[in-house]
Amino acid sequence: MSKKLLKYLVANEADPQWGLVVTTVGQQDIIPGSIYPSQDHPMRYLFSSEKGRIFNEYQLVYISRGKGQFVSASQKKTNVSAGDLFILFPGEWHNYSPDSTTGWHESWIGFTGPDMDEKVNSGFFSRKHPILHVGLDDDIFSLFHQGTVAAAGQKANYQQHLAGIAGHLLGLAYSKGNNMYSQQDEVDELISRAKIMFQDNLENGITGEEIAREIGTSYTRFRKLFKEYTGFSPKQYLQELKVAKAKQLLTNTSLSCQQIGFDSGFESPSFFHCTFKKRTGMSPADYRKLTQGDSDEWMNTKE
């Protein structure tokens, strides 16, 4: 079994003029021992872990947990692990899969367009070096998540929004992939790993103590470092993430406030209501009215 959030997208006639058109975006958690790839892939993306596949688009694939292998026509079979990002090139045979003993968490975004063609032709990215060791980076992980949220909402001009996210990811991948070892020390990666774990386990009620054990340090040390680097204690940071997710769901879905509270990791509807109002100054229902376009009605309720 696996936890999956993905979208396959279409573009109108004007979208390619922006320079990039995003075709797919998603995140997936493959637990140890799962069948890979899952059998609910659309036919144009389905592949065999024995035979591999060829795309007519680019894809960025980021591994934030676990390990596995990658191989392509230009790259011999290579081990990849958490902190690695690899690029799939159009017309290039490739294959990859997680290790059955660890599984992995993968995030991806696929796109076409002359902007990427120019970057490849200029030598910024190469089929001969498709794997970039960018490290466990919460900025990269968050951008992939923002992409899935934008794709799920598909608001006006969402393609341009997604193209901006893809461009930002390319910039970070190039910068961090070429400079990681001189710029990122052990503590940076520890904090980034913790922030990714908080984001990836928001609904599971994960605690700072559990994360400290997972990354191999004491909670006292972890709490001190985390507060120094982020300005929040682990508990405060987790609460901020829950409120941020609730805001996204209130704005972009029609789920009930009670369901949004649970989906955002709050223990009860009353705790969700109180925490959200304390952090934003309004109730979840009033926030929804304001952000979904009923601002006149919301303002009238305050007079």
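Biologist: What makes D29 and R65 a salt bridge?

Modeller: The term asks for a side-chain nitrogen of Lys or Arg within 4 Å of a carboxyl oxygen of Asp or Glu. The closest N and O atoms of D29 and R65 are 2.7 Å apart, so the pair meets that cut-off. Please keep in mind that this is a predicted model, in which local features need pLDDT of at least 70 and side-chain atom pairs count only at pLDDT 80 or more, while totals for chains, interfaces and linings use all residues. Residues are numbered from 1 along each chain as its sequence is written, and side-chain values use heavy atoms, leaving out hydrogens and water.

Biologist: Which parts of the chain does that pair tie together?

Modeller: D29 belongs to strand β2 and R65 to strand β3, so parts 36 residues apart in sequence are joined. Strands here are DSSP runs of E with at least two residues, helices are runs of H or I with at least four, and both are numbered from the N terminus.

Biologist: How do you know whether D29 is buried or exposed?

Modeller: By its relative accessible area: under 20% is buried, over 50% is exposed, and in between is partly exposed, using a 1.4 Å probe and protein chains only. D29 has 14%, so D29 counts as buried. R65 has 31%, so R65 is partly exposed.

Biologist: How many salt bridges does the structure hold?

Modeller: Seven. Another one of them pairs K176 with D137, whose closest N and O atoms are 2.9 Å apart. K176 sits in helix α3 and D137 in the loop between β8 and α2, so this pair spans parts 39 residues apart in sequence. D137, at 5% relative accessibility, is buried, while K176, at 22%, is partly exposed.

Biologist: Why is the contact of R127 with E92 called a salt bridge too?

Modeller: Their closest N and O atoms are 3.4 Å apart, so they also satisfy the distance rule. R127 is in the loop between α1 and β8 (131–133), and E92 is in the loop between β5 and β6 (94–98). E92 counts as buried at 8% relative accessibility.

Biologist: What lines the second largest cavity?

Modeller: R127 and E92 appear again here, together with F70, S72, I87, L88, F89, H94 and P130. About 30 Å³ of space lies inside.

Biologist: Why is that space called a cavity?

Modeller: Because, on a 1 Å grid over the protein atoms alone, a cavity is a set of points where a 1.4 Å probe fits but cannot get out; lining residues have an atom within 4 Å of a point. Volume is the space filled by probe spheres set on points joined across faces, edges and corners. Two cavities of 30 Å³ or more are found in the whole structure.

Biologist: What makes a group of residues a nonpolar core?

Modeller: They must be buried Ala, Val, Leu, Ile, Met, Phe, Trp, Tyr or Cys residues joined through side-chain atoms within 4.5 Å. The largest such core has 33 residues, of which L60, Y62, L85, I109, F111 and M116 touch the most other members. Helix α3 gives the most to this core, with nine residues. Apart from it lies another core of 17 residues, including L190 and L225.

Biologist: How do you know that β3 and β4 pair?

Modeller: Pairing needs at least two DSSP bridges between the strands. β3 and β4 (residues 78–81) have four, in the antiparallel sense, so they qualify. One bridge sets Q69 opposite N79, and a hairpin of five residues joins the two strands.

Notes: 1 Å grid on protein atoms, 1.4 Å probe; cavity = no way out; pocket = protein on both sides within 12 Å on 5 of 7 lines; lining within 4 Å.
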